[in-house]
Amino acid sequence: MSLSTHVLNAATGRPAAGLLVRLTAQDITLAEHRTDHDGRITGLPTPEAGVHRLIFETGDISPFYPRVCIDFTIADPQQHHHVPLLVSPYSYSTYRGS
């Protein structure tokens, strides 16, 4: 029913506010937003079933990773999907959130 993300700067322990994030599917941009003061985006469109990509422009946080792309599959568009990102200058991680 919805898609959201949350970005944390693991080096500072603070939310990554103002980070540009794009949602794409099959190389078509579906949405483009910036994270709020708490590092969150909640207003992403509900994607249909299939493979999607979130592209995080992380160059202000990481000199090594100018952007992070996370591909994920929506199997059931009726469920909420949360795709968080933890990023630091030389590493990043993600998981399926709730």
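## Close-up views of a predicted model

**View 1. Asp38 and Arg40 form a salt-bridged pair.** Let us start with Asp38, whose relative accessible area of 30% makes it partly exposed. The structure shown in this and the following views is a predicted model. The partner of Asp38 here is Arg40, and their side chains meet in a salt bridge with an N to O distance of 2.9 Å. Arg40 also counts as partly exposed, because its relative accessibility is 33%. If you would like to place this pair in a wider picture, a search of the whole structure finds four salt bridges. Two further examples appear in Views 5 and 6.

**View 2. An open sheet is built from four strands.** Follow the order S4-S3-S6-S7 across the sheet, and you will find antiparallel pairing. Which strands stand at the edges? They are S4 (28-34) and S7 (67-74), and because each has a single partner strand, one side of each is left without a neighbour in the sheet. From one strand to the next, the twist averages 20°. As a reminder for reading this view, the strands of a sheet pair through backbone hydrogen bonds, in either a parallel or an antiparallel manner.

**View 3. Strand S3 sits between its partners S4 and S6.** On one side, six bridges join S3 to S4, and the two run antiparallel. Leu20 is a good place to begin, as it stands opposite Arg34 in S4. On the other side, S3 (residues 20-25) is joined to S6 (residues 50-57) by four bridges, again with the strands running antiparallel. Two positions help to find the register with S6: Val21 stands opposite Phe56, and Leu23 has Leu54 as its bridge partner.

How many of the six residues of S3 are buried? Six of the six are, so the strand is largely enclosed by the rest of the structure. In a regular strand, side chains alternate between the two faces of the sheet. For S3, one side carries Leu20, Arg22 and Thr24, while the other carries Val21, Leu23 and Ala25. Both faces are covered, with all of these residues buried.

**View 4. Two non-glycine residues with positive phi occupy the loop between S3 and S4.** The hairpin of S3 and S4 has two residues between the strands. Gln26 lies in this loop, and its phi is positive, at about 50°, although the residue is not a glycine. Asp27 lies in the loop between S3 and S4 too. Asp27 is likewise not a glycine, yet it has a positive phi of about 65°. If you like to check backbone torsions, these are two friendly places to stop.

Are these loop residues buried or exposed? Gln26 counts as exposed because its relative accessibility is 74%. Asp27 also counts as exposed, with a relative accessibility of 76%. Compare that with S3 itself, where six of the six residues are buried.

**View 5. Arg53 and Asp71 link strands S6 and S7.** The two side chains meet in a salt bridge at 2.5 Å, N to O. Arg53 lies in S6 and Asp71 in S7, so the pair ties together parts that are 18 residues apart in sequence. Arg53 is partly exposed, with a relative accessible area of 30%. For Asp71 the relative accessibility is 45%, so it counts as partly exposed as well.

**View 6. Glu57 and Arg67 belong to a salt-bridge network.** In this view, the side chains of Glu57 and Arg67 meet in a salt bridge, at an N to O distance of 3.2 Å. The pair links distant parts of the chain, as Glu57 is in strand S6, Arg67 is in strand S7, and the two are ten residues apart. Arg67 is partly exposed, at a relative accessible area of 44%. Which residues share this network? Arg22, Glu57 and Arg67 are joined into one network by salt bridges that share partners. Arg22 comes from S3, where it is one of the buried residues.

**View 7. Asn9 is a buried residue of strand S1.** Asn9 is found in S1, which covers residues 2-9. The relative accessibility of Asn9 is 13%, under the 20% limit, so this residue counts as buried. Its side chain reaches the backbone nitrogen of Ala11 at 2.9 Å. Leaving aside residues up to four places away in sequence, Asn9 touches Arg14, Ala16, Ile61 and Val87.

Methods. Residues are numbered from 1 along each chain as its sequence is written. This is a predicted model: local features need pLDDT of at least 70, side-chain atom pairs count only at pLDDT 80 or more; totals for chains, interfaces and linings use all residues. Side-chain values use heavy atoms; hydrogens and water are left out. Buried means under 20% relative accessible area, exposed over 50%, partly exposed in between (1.4 Å probe, protein chains only). A polar contact is a pair of N or O atoms within 3.5 Å; within protein, one must be able to donate a hydrogen and the other to accept it, and residues adjacent in sequence count only if both atoms are side-chain atoms. Contact means heavy atoms within 4.5 Å. Two strands pair if DSSP finds at least two bridges between them. Axes are lines fitted to C-alpha atoms, for helices over the stretch in contact, and angles run from 0 to 180 degrees between N-to-C directions.
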